[in-house]
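Here's a quick tour of one protein model, taken a piece at a time. Keep the 3D view open and follow along.

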Amino acid sequence: MSIEFILDGKKVTAEPGQTILEVARANGISIPTLCRDEKVSRTTSCFVCVVRDVKSGKFLPSCSACPAPNQEIDASSETVREMRRTALNLLLSEHTGDCEAPCTLACPAHASVEEYVKAGRDGDFLKSLQIIKKRIPLPMSIGRVCPRFCEKNCRRNVYGKPVAINEFKRLAADLYYDTYMEELPALSGKKVAIVGGGPAGLSASYYLRMAGVEPTVFDAMPKAGGMLRYGIPEYRLPKERILDRELKHYTQIGVKFEFGKKLGDNLSLDELQKNFDAVVIAVGCWKGSGMHCPGDELSTIGIDFLRQASESGYQAKNPGKVIVVGGGNTAMDCVRTSVRLGSPDVSCFYRRTEAEMPAEKLEIAEAREEGVKFTFLVAPVKLEKRGDKLVLTCRKMELGEPDASGRRKPVEIPGSDYEVEADTVIAAIGQKSVIPAGIPANRFGYADAQPGTAKLADKLYAAGDCLSGAATVVEAVAGGRFAAEEIERDIYGMEVEVDNPIYVSRGKWQHLKKSDLVFVRDNVSEAERAELKMISLDERKTTFKETTFTMDKETVSAEGDRCIGCSCTDKAECKLRKHAAEYGCDPEKIKGARLPVSYDTRHPLIIQDRGKCIKCGVCVKTCAEVINRNLLGIKKRGFNTFIGTAFDQGFAGNCSDCGACIEACPTGALDWRNKK
């Protein structure tokens, strides 16, 4: 006889033996579960599927509880959701599984790093480029100028040097960028204006076009590229051979450009808002900071120095003896450009030590190879002109307590002033944005977006350095994509999806040892990292030729063999991650001890990673009840409980390789070693 009861305020019917979970699903009510598998007997271990008996207030596991006549069940209230959230957070509290590779997490653009490296390892560099362009629309440029956040977080740093990840991007783009054409959606009739043709504006235009929007880029300069063209020197990024080829693709996909257009001069914001469905402000950071000392006006601003060199076709006059004040990448670009312009004496002055310099270590090393001299723990206090020379008065410094940046603060040493003579003094201390009139700005002088968005006002958005402050090209590209996605939602009236990715991690490589790493692949190469070949030192010092050569296919593919492949093999299908994201969980919400890393790779096809196991027992029942093998069992009790084989024999020799336990596992604790 059928059973009538109330489910979420609605009278429903259950057949004898039907669980609340089954009835709920039949009535279109979604209830998460991890331990329930229709092929095996009920387990009731994860408690993620709980519902509440309204009359008693008790919580019941819906996967095993059967309804009673006239019972009232709450399956969807916030109280029930909070209980499920707690159950999920408890499971996450001892779960370790690297939901995503640390290289991908480190990339500001969240490019699928591990995936494009794998494609390159397999020799499919076209596929690699296709993966890259989903997040990085300027791969030729970024493949040359990226500061390699991914490599700094690569797990191979645990024992040796990181995988040369950047070279996969550079090679894939160099090989196929000219011939690869994305499948373009039809234009919807929507139009967006983008003010600024630098990396953020270009990124926004690309992703808007991929959304069926017609973008028009307005730029004050004669050519597009922004900082890529006018801020990054030719020896790092060749303009005609690389950047212009890359930008040609934009016109091919339908991005329109108008040059010599400056907002507030010959470009009206009112007109743009009237004629376009949205406007993106992506004007960058082009105002350099001075040295903030008497005579500052006699110095040359670093970003202006680089732009002038670019506009001259790198035929600018010899700057003579040069002192560059600053320790960032702009400072490195200035000293190395000065060397190439013929300066016989180039120095970099920095107020902290080399260890605190924000410039890339590779840039510092290459500058030193090219003859640049470094003077640390000095700060400018006065600049004056004497005859045809500039005289910079410096004061020696020492390091004190850490400041807000975490670096030790430089403290002046009284009575330590000294003078140094130069022909050119360049201030490369930082850059700011100049926000055009009519654009909402905050007290720091940057575009003032609504929290967590790129939106400034109705139909008005911002992207890149003018919103975030001066950052890297890849961060600007990420900002452009973020703005484009928000505009797409707004102009098409799409519902905003809550982005709550769950990223459980075993930790950064600095805190790990080799035994903490999971080697899914047997053939991880122990070869030394492949290094880029460079042109001769004499050419580096006397020309603006690109300093490095792109690696060949064989070298890059072999480099891919060094990749551990450390993200979860089940990251696309993990039910724990899926439900945790749906319920807004936080892996750090409940803190406590985690089981030590323990995994079994003895079987040639199957890997068992106990750090991912939530002890639901589904695999044990599947092996016993479906396959009739009883290979797996629950070992020990309490916190130290784990799933294992009898006498720790492992799978080899006993397992039929059927994969039934893998299919049943909700978290990838059991998985194929080489998953396609």
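Let's start just past a helix: Gly-493 comes right after α17, and its phi is positive, near 65°. Bear in mind that this is a predicted model. From there we'll look back along the helix, then visit a sheet and a buried acid.

**Helix α17**
- Helix α17 covers residues 473-492, which is 20 residues, so at 1.5 Å a residue it should span 28 Å. Its end C-alpha atoms are 29 Å apart, which agrees.
- Plenty of its residues are buried, including Val-473, Val-477, Gly-480, Ala-484, Ile-487 and Ile-491.
- Charged names turn up on that buried list too, among them Arg-481 and Glu-486.
- As background, an α-helix has 3.6 residues a turn, so residues three or four places apart point the same way.

**The open sheet**
- Five strands line up in the order β11-β19-β12-β13-β14, with parallel pairing.
- β11 (300-301) and β14 (373-376) sit at the edges with a single partner strand each, so one side of each has no neighbour in the sheet.
- β11 pairs with β19 (residues 424-427) over 2 bridges, and one of the bridge partnerships joins Ile-301 to Ala-427 in β19.
- Helix α14 (residues 329-340) packs on this sheet, touching β12, β13, β14 and β19. Its direction makes about 165° with that of β13.

**A buried acid**
- Asp-465 belongs to helix α16 (residues 465-468).
- What is the nearest side chain of opposite charge to Asp-465? It's Arg-236, 12 Å away, and the buried Asp-465 has no salt bridge.
- Leaving out residues up to four places away in sequence, Asp-465 touches Gly-284, Cys-285, Tyr-446, Ala-470, Ala-471 and Ala-476.
- Ala-476, one of those contacts, is also among the buried residues of α17.

Notes: Residues are numbered from 1 along each chain as its sequence is written. This is a predicted model: local features need pLDDT of at least 70, side-chain atom pairs count only at pLDDT 80 or more; totals for chains, interfaces and linings use all residues. Side-chain values use heavy atoms; hydrogens and water are left out. Helices (H or I, at least four residues) and strands (E, at least two) are DSSP runs, numbered from the N terminus. The expected span of a helix is 1.5 Å times one less than its number of residues. Buried means under 20% relative accessible area, exposed over 50%, partly exposed in between (1.4 Å probe, protein chains only). Two strands pair if DSSP finds at least two bridges between them. Contact means heavy atoms within 4.5 Å. Axes are lines fitted to C-alpha atoms, for helices over the stretch in contact, and angles run from 0 to 180 degrees between N-to-C directions. Lys and Arg count as positive and Asp and Glu as negative; His and the chain ends are not counted. A salt bridge is a side-chain nitrogen of Lys or Arg within 4 Å of a carboxyl oxygen of Asp or Glu.
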